[in-house]
Amino acid sequence: MLNKFLIYFLYSVPIFFILGNPFINLFVIVICFNFYYVRKDLKFIDKKLIFLLISLGLFFFISSLSSNYLEYSLAKSLSYSRFFVLLIILPLFIKKIDINLTNLGIAFFSVIVFVIVDTLIQLFFGKDIFGFPDNDSYNRLSGPFGDELIVGNFVFYFGFISLALILKNKNIENNLLFLFFLVIGIFAFISGERNTFLSYFIFMFFLIILSKKRITIMLSCITVITISMLLFLNFERFNNKYSINQIQGYKSQENNNQQEQNQISKKEIFTDIKNKIMNSIWVSHYRGGIKIFEKNKLYGSGFKTFRHQCRDQFNNESLRKQSKIICSNHPHNIYIELISDTGIFGFVTFLILCLYYLFYSIKNNWIKNDLSISILNCLLITFLFPLKPHGSLFSTSTAFIFCFIFSLLILDIFNKNLNKSYVN
């Protein structure tokens, strides 16, 4: 009876994510409290993982102790340790309850289909079935997420997680796989989330490199999506969102003389774009994080303190304008967030943790060429890709997505270690 409840509890992960942070935290806490349930299998978890997670947590703790915002930062870093426990317990938990991963993927996919349909209703009728209105001021959709404009990001990550899980024990025909890739890509575009749409192309690029299977399907899908995107740009909503003139920080050079405008050299155009990007709001956030790091190189300003340190360090508007810095809750890049908040020690430890297991998984899957594992690897690469904006790594929703993808890769490594132990 308990085992069946835990299986349905795991089925509900995407629903918990839609319901928000309190339900995500409920899931994390319930999993962490299953430590006793899985304790006998801890010996199969790689000791390097435990060492690296303890080291990372220790550096987060030290950065908080050295922070000017001691109580706030310390409370946040201690609370964040729940995700380190989750990374160890969740793979063991999934193995212990003996859940069928394909069924888990189908359950996830059912939620994805519902979210896509609900969001399309919002696009065409102005409101979704829950009454949440279309946020036309940003030309972005939210679906069942209401005020949070993350529906594209949700469908992208959980959509491909569901595909990876389904492929664990079930083969999918080429036409269905093509349709799946196509729907996720087009939905990422119409959601209005430019970063998610960029992430989709990053994901597909690395999947073509790593999978070595069904490459024709992926290339065909990218071609169709590119053509579809060009067609969609004829509609004002999408043109306003994706036109180069709407990219934050860039405006085309105004010139009343059309002939003179046409004579602007390509070099001048690219120089103008480069200058606008360097003065954009995103780079202004990055610049602030780097300045904070320069002042606190070893341990940073303290775990999750960017919002406070930035406003205190650049405490008047004239100084921020002079430094070309805009402060926000986080610097919108996980690497700059790590170096500004936790310094070089936190940054390097996180990088070692991610790259070690990512390369380990890619290496072990190179000959086997399991598309399921390739998808998870590419999702993690996309999440970590440095040349794009990110959500805050220290926020509940972003940390959960990272941990869930990482846990599924750890589960694969755990299963290999378990099989080796039986052989021996």
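D412 is buried, at a relative accessible area of 14%; here buried means under 20% relative accessible area, exposed over 50% and partly exposed in between, using a 1.4 Å probe and protein chains only. The structure is a predicted model, in which local features need pLDDT of at least 70 and side-chain atom pairs count only at pLDDT 80 or more, while totals for chains, interfaces and linings use all residues. Residues are numbered from 1 along each chain as its sequence is written, and side-chain values use heavy atoms, with hydrogens and water left out.

What does D412 pair with in a salt bridge? The partner is K168, and the closest N and O atoms of the two are 3.8 Å apart. A salt bridge here is a side-chain nitrogen of Lys or Arg within 4 Å of a carboxyl oxygen of Asp or Glu. The pair links distant parts of the chain, 244 residues apart: D412 belongs to helix α20 (residues 396-423), and K168 to the loop between α8 (151-166) and α9. Helices are DSSP runs of H or I with at least four residues, strands are runs of E with at least two, and both are numbered from the N terminus. While D412 is buried, K168 is partly exposed, with a relative accessible area of 27%. As a general point, side chains of opposite charge can pair when their charged atoms come close. A search of the whole structure finds one salt bridge.

From the loop that holds K168 we can step along to helix α9, which covers residues 174-190. Its 17 residues reach 24 Å from the first C-alpha to the last, close to the 24 Å expected at 1.5 Å a residue; the expected span is 1.5 Å times one less than the number of residues. Several residues of α9 are buried, among them L177, F180, F181, I184 and F187. After α9 comes G192, with a positive phi near 85°.

Next, the cysteines. The structure holds one disulfide, that is, a pair of cysteine sulfur atoms within 2.5 Å. The disulfide is formed by C310 and C327, with their sulfur atoms 2.0 Å apart, and the angle of -80° about the S-S bond makes the link left-handed. C310 sits in helix α16 (residues 306-313) and C327 in the loop between α17 (317-323) and α18 (334-368), so the disulfide ties together parts that are 17 residues apart in sequence. Both cysteines, C310 and C327, are buried. C403, in contrast, is in no disulfide, and the nearest cysteine sulfur, that of C32, is 9.4 Å away. C403 is buried too, with a relative accessible area of 3%.

Helix α16 also holds Q309. Q309 is buried at 6% relative accessible area, and a polar contact of 3.2 Å joins its side chain to that of Y69. A polar contact is a pair of N or O atoms within 3.5 Å; within protein, one must be able to donate a hydrogen and the other to accept it, and residues adjacent in sequence count only if both atoms are side-chain atoms.

Now look at the rings. Rings of Phe, Tyr and Trp (its six-membered ring) pair if their centres lie within 6.5 Å, with planes under 30 degrees apart counted as stacked, over 60 as edge-to-face and the rest as tilted. By this rule there are 52 aromatic pairs. One of them joins Y157 and F383, whose centres are 6.3 Å apart and whose planes meet at 70°, so the pair is edge-to-face. The pair links helix α8, home of Y157, with helix α19 (residues 371-384), home of F383, across 226 residues. Y157 and F383 are both buried. Y335 and F347 also form an edge-to-face pair, 6.2 Å centre to centre with 80° between the planes, and Y335 counts as buried at 14% relative accessibility.

Charges meet rings as well. A charge sits over a ring if NZ of Lys or CZ of Arg is within 6 Å of the ring centre and within 35 degrees of the ring normal. The charged end of R39 sits over the ring of Y36, 3.7 Å from its centre, and that of K96 sits over the ring of Y37, 6.0 Å from its centre.

Finally, the backbone. Most residues other than glycine have a negative phi. D98 has a positive phi, near 55°, and H332 has one near 65°. Are these two buried or exposed? D98, in the loop between α6 (70-96) and α7 (101-125), counts as exposed at 66% relative accessibility, whereas H332, in the loop between α17 and α18, is buried at 17%.
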